[in-house]
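Work through the exercises below with the model open. Try each task before reading its solution.

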Amino acid sequence: MTLDELLADGAPPVCAILRGIKPEEAIDVSAVLIEAGIRILEVPFNSPEPLKSIAAMQAEFCDRALIGGGTVLSVAAVEDLHAAGGRIMVTPNTNPAVIARGAELGLELLPGFMTPSEAFAAVAAGAKRIKLFPAAQLGAPYIKAIKDVLPKHVGVWAVGGTGADTIGQWLAAGCEGIGVGGALYKPGDDAATVGQRGRDLFNAWKAIKA
């Protein structure tokens, strides 16, 4: 399953960032998010035993969701992600070697950028989607300015300070999608709470599309 296929199938352009999740809760939290309609799930590598969570989630939900890792900072981490079965690779920064290795391994790429130079470096390394991080500090007008100079085929996502209350402004600014962290999941949250937040986010997106 590719990200293009998932979005074409009607999934909301929302990546759930499950920073801090533990392997023993990964399945339950993933299940409620998928049930809520959120079908892109990222376990950051600075979570406890991220590869264990990613492998379990991939084994359970690979036919329903696109699952992978975030905060991927090295080529070795890219290879570990691929070995664990992860399908999407998210980074907070622009590291051409990391991006290129992810492309070689056939991963869906969502590298982070902040400046135009970083955006173009990510695209040159093989990314067709990039994420503005931190997005809230720069704002929707920054997205519009960046998109004016980027190749038209490059999708821009916003991450950092995003959620159900702001998804509309990011999509209106030209973002293809958003990544949502603490507004969906924080360590210690129970599955029911996360599921309700997932439904709220899905409904906010549906209201925009209506």
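**Exercise 1. Trace the register from one strand to the next.**

Task: Which residue of S9 stands opposite Ala158? Then follow the pairing outwards on both sides.

Solution. The model is predicted. Start at Ala158, which stands opposite Ile178 in S9. S8 and S9 pair in the parallel sense, over 3 bridges.

Next, go to the other neighbour of S8. Strand S7 (residues 129–132) runs parallel to strand S8 (residues 155–159), and 4 bridges join them. Ala158 appears again here, as the bridge partner of Leu132.

Now return to S9 and cross to S1. Strand S1 (residues 14–17) pairs with S9 in the parallel sense over 3 bridges. In this pair, Ala16 stands opposite Val180.

**Exercise 2. Place these strands in the whole sheet.**

Task: In what order do the 9 strands lie, and is the sheet open or closed? Which strands are at the edges?

Solution. Read the order across: S5-S4-S3-S2-S1-S9-S8-S7-S6. The sheet is open, and its pairing is parallel. The edges are strand S5 (108–110) and strand S6 (112–113), each of which pairs on one side only. Besides its 9 strands, the chain has 9 helices.

**Exercise 3. Sort the side chains of S9.**

Task: Which residues of strand S9 point one way, and which the other? Are they buried or exposed?

Solution. Begin with the rule. In a regular strand, side chains alternate between the two faces of the sheet. Apply it to residues 177–180. Gly177 and Gly179 point one way from S9, while Ile178 and Val180 point the other way. Then check burial, where the cut-off is under 20% relative accessible area. All four of these residues are buried.

**Exercise 4. Judge the overall form.**

Task: What radius of gyration would a compact globule of 210 residues have, and what does the chain have?

Solution. A compact globule with 210 residues would have a value near 17 Å. The chain has 16 Å, so the two agree. For the extents, take the principal axes: the C-alpha trace spans about 45 × 40 × 30 Å.

Now look inside. Of the 210 residues, 51% count as buried. Among contacts with a separation of 6 or more, 60% come from residues 24 or more positions apart.

Finish at the surface and the charges. The chain exposes about 8,600 Å², and carbon and sulfur atoms supply 55% of that area. There are 18 positive and 22 negative side chains. The centres of the two sets lie 5 Å apart.

Technical notes. Residues are numbered from 1 along each chain as its sequence is written. This is a predicted model: local features need pLDDT of at least 70, side-chain atom pairs count only at pLDDT 80 or more; totals for chains, interfaces and linings use all residues. Side-chain values use heavy atoms; hydrogens and water are left out. Two strands pair if DSSP finds at least two bridges between them. Helices (H or I, at least four residues) and strands (E, at least two) are DSSP runs, numbered from the N terminus. The radius of gyration is taken over C-alpha atoms; the globule rule is 2.2 Å times the number of residues to the power 0.38. Buried means under 20% relative accessible area, exposed over 50%, partly exposed in between (1.4 Å probe, protein chains only). Contact means heavy atoms within 4.5 Å. Accessible areas come from the Shrake-Rupley method with a 1.4 Å probe; for residues, only the protein chains shown count as cover. Lys and Arg count as positive and Asp and Glu as negative; His and the chain ends are not counted. The place of a charge is taken as NZ of Lys, CZ of Arg, CG of Asp or CD of Glu.
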